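Biologist: I would like a close look at the helix packing in one part of this model. Please take it slowly and keep the surroundings in view.

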Amino acid sequence: MQSKQQIEAQVRQWLTENWDPESNLVEWRSMLAQSGWGAANWPEEYFGKGLSAEMSTAIEDVFAEFGAVGTAQTGVRMLAAVTLLEHGNHEQKRQYLKRILTGEDHWCQLFSEPGSGSDLAGATTRADLDGDEWIINGQKVWNTSAHHANYGLLIARSDWDEAKHKGLSYFIIDMHQPGVEVRQLRQMNGHASFNEVFFTDARVPRENIISTPGNGWNVAMTTLAYERRSFDRSRDNKRSKQKGRIFVELKKELDISNEPYTWYPQRAGRVDLIMQRAEETGAINDPVQRQDIARLHILSESAKWTAQRAKAAQKAGKPQGPEGSLGKLAASEVGRLAARVHTTMSVNDALLTGPDSVRDGVIAEILVSVPAGSIAGGTDEIQRNIVAERVLGLPKETRFDEGPFRNVQRNSAAKDSGK
Ligand SMILES: Cc1cc2nc3c(=O)[nH]c(=O)nc-3n(C[C@H](O)[C@H](O)[C@H](O)COP(=O)(O)OP(=O)(O)OC[C@H]3O[C@@H](n4cnc5c(N)ncnc54)[C@H](O)[C@@H]3O)c2cc1C
């Protein structure tokens, strides 16, 4: 096995020979994908080097040293990548993974429905096999970035006679086809990151199923585990300020793929602004507010340690532990407390938006964005259920949804579609 220093030396040499800021972005990333250095912890057969996550971090540091652009890592595309790596077949991995790394494809996650969010396994969007195609009918909602996506990760019910969790299948769907209608939704913070997606006889080639018919729930668990683990991943585009053709193209790409996420730092509560605001408003001298600021600091630092523990376990190749759900819950608590502290410090100004408001309306945006953190990727209540049942081993909730899904009680619109 090669040492970290040997690998770093190889990356340095490769970058010295190949990195050129005047390259075309997609061509550069294509070369990077072929070299395996752009996703070094992926298998060698699929654009990686089969190295550990720890080595990958060391390689990223060498890229940073050179100021070199890496592979595309933002948005739902990484959910698609981890899902395909674990459950996709050889052809799917060869077809989609490279274009994920080059940033050519945008993806969205088509899981939630008006009648099944927390109860994801209750999905009633249907997939009916017709010759070599699956015909998709139904509605999804809350789908971040669907308005930019050319592919979707879709869960749909392919068997109504199987039990709830066993009748689902997981598909890759082309978003730019007749029968797929994407409608943007406006949120209370003014942004429009989500969509409703309607399917009317949309078509999925038979080979676009991930895993096997009826195994969709297991595949979805991989997607969700990764989503919960990466709830605090930041999306920065500081490299785009560097000079060269590639950075101009990178900025264009990030402007599109980061657009639905511009409010995500506010959703996390902007703990980074707390001390500055405490100085500006004089809250730093208020004994009651100081208590809350200290509590927030303690909570936020201990949440970082949980995240570091999760990362360390991942690097050591250990299976996912409870840190995903615990970390997500901690992030919700931090966000909520941060919103309260910001609001108490800014008083009436916390409600103002627009250019002449405090910090260009950021405090108001925090206030109306923080609730999203307790909902996205599984609500706080659902995370508590997971911790209670799977980590602490407490008795499971009483179930009323066993037996063939066709007979399970659900809302009437969903029932009709199962006829
Ligand atoms: C920022 C953001 C981004 C998102 N992006 C996507 C996306 O890209 N793709 C996608 O498919 N979805 C996405 N979602 C949707 C998200 O996954 C769902 O909103 C979430 O799973 C909750 O479902 P729901 O909204 O239907 O709420 P419901 O399931 O209707 O829940 C309503 C309330 O009931 C509680 N509840 C429900 N069941 C239980 C239970 N068994 N025990 C205790 N309490 C319960 C919930 O905690 C909640 O408080 C996103 C949501 C947000 C906020």
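What follows is one request and one connected reply.

Biologist: Take helix α10 and its surroundings: which residues does L296 touch, leaving aside those up to four places away in sequence? Then please go on to the contact of α11 with α12, and end with the rest of the chain for context.

Modeller: A caution comes before the details: this is a predicted model. Start with L296, which is found in helix α10. L296 has 21 C-beta neighbours inside 10 Å. The cut-off for a buried residue is 20 or more, so L296 counts as buried. Leaving aside residues up to four places away in sequence, L296 touches V271, I274, L337, A338 and V341. Take A338 from that list. L296 and A338 lie 42 residues apart in sequence, yet their C-alpha atoms are 6.6 Å apart in space.

The same helix also offers an exposed position. S302 is found in α10, which runs over residues 287-315. S302 has 12 C-beta neighbours inside 10 Å. Exposed means 12 or fewer, so S302 counts as exposed. For a sense of span, set S302 against A9. These two are 293 residues apart in sequence, and 36 Å separates their C-alpha atoms.

Now the contact of α11 with α12. Helix α11 covers residues 323-346 and α12 covers 362-369. Their axes are 9 Å apart and pack at an angle of about 140°. That angle makes α11 oblique to α12. The crossing is left-handed. On the α11 side, the contact is made by A339, H342, T343 and S346; on the α12 side, by I363, I366 and L367. By class, these residues divide into four nonpolar, three polar and no charged.

The loop between α11 and α12 holds D360. D360 is not a glycine, but its phi is positive, near 55°. Most residues other than glycine have a negative phi. D360 has 13 other C-beta atoms within 10 Å, so D360 is partly exposed.

Next, the cores. The largest nonpolar core has 59 residues. Within this core, A80, L97, I136, I155, F171 and I173 touch the most other members. A second core of 28 residues is separate, and includes Y264, A303, A307 and L367. L367 is also one of the α12 residues that meet α11. Back in the largest core, F171 repays a closer look. Not counting residues up to four places away in sequence, F171 touches A127, W134, L154, A156, V204, N208, I209 and I210.

A second helix pair rounds out the picture. Helix α2 spans residues 25-35 and α5 spans 90-102. Their axes come within 8 Å and cross at roughly 125°. The two helices are therefore oblique to each other. This crossing is right-handed, whereas α11 passes α12 in a left-handed one. From α2, V26, R29, S30 and A33 meet K98, L101 and T102 of α5. The contact has three nonpolar, two polar and two charged residues. For α11 with α12, the count of charged residues is none.

One more loop residue deserves mention. F47 sits in the loop between α2 and α3, the latter at 53-66. F47 is not a glycine, yet its phi is positive, about 70°. With 26 C-beta neighbours inside 10 Å, F47 counts as buried. D360, by contrast, is partly exposed.

Methods. Residues numbered from 1 in each chain as written. Predicted model: local features only at pLDDT ≥ 70, side-chain atom pairs only at ≥ 80, totals over all residues. Core = buried A, V, L, I, M, F, W, Y, C linked by C-beta atoms within 7 Å. Contact = placed C-beta atoms within 7 Å. Axes fitted to C-alpha atoms, helices over the stretch in contact; angles between N-to-C directions. Helix = DSSP H or I, 4+ residues; strand = E, 2+ residues; numbered from the N terminus. Parallel < 35°, antiparallel > 145°, perpendicular 65-115°, else oblique. Left-handed = near helix turned anticlockwise from the far one by under 90°. Nonpolar A, V, L, I, M, F, W, Y, C, P; charged D, E, K, R; others polar.
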